[in-house]
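Biologist: I am new to this one. Could you walk me through the empty spaces and the ligand, and tell me how each label is earned?

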Amino acid sequence: MKVVILNDAAAVAAYGADIFSKQLKQKPNSVLGLATGSTPIALYQELIARNKSNKLSFAQARSFNLDEYWGLAEDHPQSYRHFMNINLFDHIDIDKTNTQVPPGNAKDPRAACEQYERDIINAGGIDVQLLGIGRNGHIGFNEPSSSLASRTRIKTLTKETTDDNSRFFAAGEFQPQLSVTTGIGTILESKKIVLLATGASKAEAIKACVEGPITASCPASALQMHQDAVIIIDEAAATQLSDIDFYKHIEAENQKLEKMLEALE
Ligand code: F6R
């Protein structure tokens, strides 16, 4: 697990965008795993800017989102499909028919979840998966106690998560208590994983994710088992880590190594 600690949220977004840019340049038909929430918005804005200035193309890319509310129509303003359209897809050259979000209102949810897993496999698997993290350590909507081997399924949201997300819903508006989310097992099969976290409210979850034991109590801790996971955080989200200096030292050495390897290309 690589931990990258940067000054602020803008630097986190730029670092994450560099990983996606590099991936798409190396493999234009990459399969991208995408997330919603507040954290990735700055990264998406960075990708949109690079696309608009012709530095980056998504024309051949495919994407799969992590999760969706259960019970909202695709065009509902709070659906994650709608979020992705307005925050990314509407502004880049991706073919929208190549973008998938888990089915939030399928007639047969179990069959639809199994199909989503098959679709990911048939696309060749996810090349790079973007993640945020909940204050309770959730990734996707895999809440604490989710099986570390879980697959795409319907999942009940915790009160903490529905409280956190209530800011997006008007008073009295229906807010789903259920979601459909790819599983921790699904996420761990991605070739590369990029988790972003910014702000002090994520410090405890990041501590548990990076330095805690691998436990279903903190779903993000499962990333410790992945061979290519990078945790990109700002100083505020890093405050509870014990080994900050060591992570910064590793990153400085990695940057030197990267430059050396780039010079060989
Ligand atoms: C959303 C998702 C969630 C969020 C997490 C953090 O697709 O997968 O796990 O990443 O709830 O949300 P923000 O970024 O709003 O703090």
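**Pockets, a cavity and a ligand**

Modeller: Gladly! The largest pocket has a volume of about 590 Å³. Please keep in mind that this is a predicted model.

Biologist: Which residues lie closest to the centre of the largest pocket?

Modeller: Lys2, Ile19, Lys22, Lys192 and Glu258 do, out of 23 residues that line the largest pocket. Two or more lining residues come from each of the elements α1 (9–26), β10 (229–234) and α9 (244–264). The largest share is that of α1, with seven residues.

Biologist: What makes a lining residue of the largest pocket count as charged, and how many are there of each class?

Modeller: Asp, Glu, Lys and Arg count as charged. By that rule, the lining of the largest pocket has twelve charged residues, alongside six polar and five nonpolar ones.

Biologist: Where does the ligand sit?

Modeller: The ligand sits in the second largest pocket, which has a volume of about 480 Å³.

Biologist: How do you know that the ligand sits there?

Modeller: The test is that more than half of a molecule's atoms lie within 2 Å of the pocket's grid points. The ligand is assigned to the second largest pocket, so it passes that test.

Biologist: What lines the second largest pocket?

Modeller: There are 27 lining residues, and Gly37, Ile133, His138, Asn165 and Lys202 lie nearest the centre. Helix α5 (residues 159–165) gives the largest share, four residues. By class, the lining has 13 polar, eight nonpolar and six charged residues.

Biologist: Which residues around the ligand come nearest to it?

Modeller: Thr39, Asp67, His138, Gly140 and Lys202 come nearest, out of 14 residues around the ligand. The shell divides into eight polar, three nonpolar and three charged residues.

Biologist: Why is the pair between glycine 140 and the ligand called a polar contact?

Modeller: A polar contact needs a pair of N or O atoms within 3.5 Å. A backbone N or O atom of glycine 140 lies 2.7 Å from an oxygen atom of the ligand, so the pair qualifies. Serine 38 also offers a backbone N or O atom, at 2.8 Å from a ligand oxygen atom. For arginine 167 a polar side-chain atom lies 3.3 Å from an oxygen atom of the ligand, which is within the 3.5 Å limit, so this pair is a polar contact too.

Biologist: How much of the ligand's accessible area does the protein cover?

Modeller: The protein covers 92% of the 410 Å² that the ligand has on its own.

Biologist: And what makes a space a cavity and not a pocket?

Modeller: In a cavity the 1.4 Å probe fits but cannot get out, whereas a pocket is open. The search of the whole structure finds one cavity of 30 Å³ or more. About 30 Å³ of space lies in the largest cavity.

Biologist: Which residues line the largest cavity?

Modeller: Among them are Phe64, Leu66, Ile120, Gln129 and Thr186. The elements β3 (62–65) and α6 (184–188) each give two or more residues to that lining. The lining divides into five nonpolar, five polar and no charged residues.

How values were computed. Residues numbered from 1 in each chain as written. Predicted model: local features only at pLDDT ≥ 70, side-chain atom pairs only at ≥ 80, totals over all residues. Heavy atoms only, no water. Near = heavy atom within 4 Å. Polar contact = N/O pair within 3.5 Å; in protein donor to acceptor, adjacent residues only side chain to side chain. Areas by Shrake-Rupley, 256 points an atom, 1.4 Å probe, with all protein chains shown as cover. 1 Å grid on protein atoms, 1.4 Å probe; cavity = no way out; pocket = protein on both sides within 12 Å on 5 of 7 lines; lining within 4 Å. Points joined across faces, edges and corners; volume = space filled by probe spheres on them.
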